[in-house]
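Here are some notes to read alongside the model. Please keep the sequence and the 3D view open while going through the points.

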Amino acid sequence: MVCQLSCDCNEREGVEIISLKQFRSLEEFFNKQVKGNIFTEVEVEQPFYAWKHDGEHMEWFATKWYKCRVCGCLWEVDYPDFPATGFVRKFSDGIYKARDF
């Protein structure tokens, strides 16, 4: 018997992570997807924020990227460091686009 993998990426959207409870729930979701072989963790390759001014340079990278093995969607997760919030961003086409500020 062949088991076909399925995902629910179409029903999910990116969110701002504003509470520890929400973060724990999202962390559990992504861990289950990896354990279920639906998502794979991929190396974070690009910063979501880069700043250059007067010879100074700063880059901020997300904590994790996940790639859906079913639909190819790329998920970017930046863990919160309260009181600073975190976020989950979705790239349905699987292509990363830097965040506009």
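Leaving aside its neighbours within four places in sequence, which residues is Cys-9 in contact with? The points below start there; note that this is a predicted model.

1. Contacts of Cys-9. Once the neighbours within four places in sequence are left aside, Cys-9 is in contact with Phe-39, Cys-68, Cys-71, Cys-73, Trp-75 and Lys-90. Among these partners are three further cysteines, Cys-68, Cys-71 and Cys-73.

2. The largest core. Cys-9 is also one of the residues with the most contacts inside the largest nonpolar core, which has 14 residues. The others named for their contacts there are Phe-30, Phe-39, Tyr-66, Cys-68, Trp-75 and Val-88. Two or more residues of this core come from each of helix H1 (20-35), strand E5 (64-68) and strand E6 (74-78). H1 gives the largest share, 4 residues. As background, nonpolar side chains in soluble globular proteins tend to be buried together.

3. A second core. Another core, of 8 residues, lies apart from the largest one. Its members include Phe-48, Trp-65, Leu-74 and Phe-87.

4. The sheet. What is the order of the strands in the open sheet? The 5 strands run in the order E1-E7-E6-E5-E2, and their pairing is antiparallel. Strand E1 (15-17) and strand E2 (39-42) stand at the edges with a single partner strand each, so each has one side without a neighbour in the sheet. On average, and with direction ignored, neighbouring strands are turned by 20 degrees against each other.

5. Pairing along E7. Strand E7 (residues 86-91) pairs with E6 in the antiparallel sense over 5 bridges. Within this strand, Arg-89 is the bridge partner of Glu-76. E7 is also joined to E1 by 3 bridges, and these two strands run antiparallel. Here Val-15 stands opposite Val-88 in E7.

6. The helix on the sheet. H1 packs on the sheet and touches E1, E2, E5, E6 and E7. The direction of H1 makes about 120 degrees with that of E1.

7. Burial of E7. Is E7 largely enclosed or left open? Of the 6 residues of E7, 6 are buried, so this strand is largely enclosed by the rest of the structure. Both of its faces are covered. On one side the buried residues are Gly-86, Val-88 and Lys-90, and on the other they are Phe-87, Arg-89 and Phe-91. A student may wish to note that Lys-90 and Arg-89 are in this buried list.

8. The cavity. How many cavities of 30 Å³ or more are there? The count comes to 1, and about 60 Å³ of space lies in it. Its lining is made by Phe-23, Leu-26, Glu-27, Phe-30, Asn-31, Tyr-66, Val-77 and Tyr-79. H1 supplies the largest share of that lining, 5 residues. Two of the lining residues, Phe-30 and Tyr-66, are also named among those with the most contacts inside the largest core.

9. Lys-52. Lys-52 has its place in strand E3 (residues 49-53). With a relative accessible area of 66%, over the 50% cut-off, Lys-52 counts as exposed. Lys-52 and Val-42 are 10 residues apart in sequence, and their C-alpha atoms are 27 Å apart in space.

10. Backbone points to check. Most residues other than glycine have a negative phi, and most peptide bonds are trans. Asn-37, in the loop between H1 and E2, has a positive phi of about 65 degrees although it is not a glycine. Asn-37 counts as partly exposed, at 37% relative accessibility. Asp-54, in the loop between E3 and strand E4 (56-60), also is not a glycine and has a positive phi, of about 45 degrees. Asp-54 is exposed, with a relative accessible area of 68%. Finally, Phe-82 and Pro-83 are joined by a cis peptide bond, with omega about 15 degrees. Pro-83 lies in the loop between E6 and E7.

Terms used
Residues are numbered from 1 along each chain as its sequence is written. This is a predicted model: local features need pLDDT of at least 70, side-chain atom pairs count only at pLDDT 80 or more; totals for chains, interfaces and linings use all residues. Side-chain values use heavy atoms; hydrogens and water are left out. A nonpolar core is a set of buried Ala, Val, Leu, Ile, Met, Phe, Trp, Tyr and Cys residues joined through side-chain atoms within 4.5 Å. Buried means under 20% relative accessible area, exposed over 50%, partly exposed in between (1.4 Å probe, protein chains only). Contact means heavy atoms within 4.5 Å. Two strands pair if DSSP finds at least two bridges between them. Axes are lines fitted to C-alpha atoms, for helices over the stretch in contact, and angles run from 0 to 180 degrees between N-to-C directions. On a 1 Å grid over the protein atoms alone, a cavity is a set of points where a 1.4 Å probe fits but cannot get out, and a pocket is an open set with protein on both sides within 12 Å along at least five of seven lines; lining residues have an atom within 4 Å of a point. Grid points are joined across faces, edges and corners, and a volume is the space filled by probe spheres set on the points.
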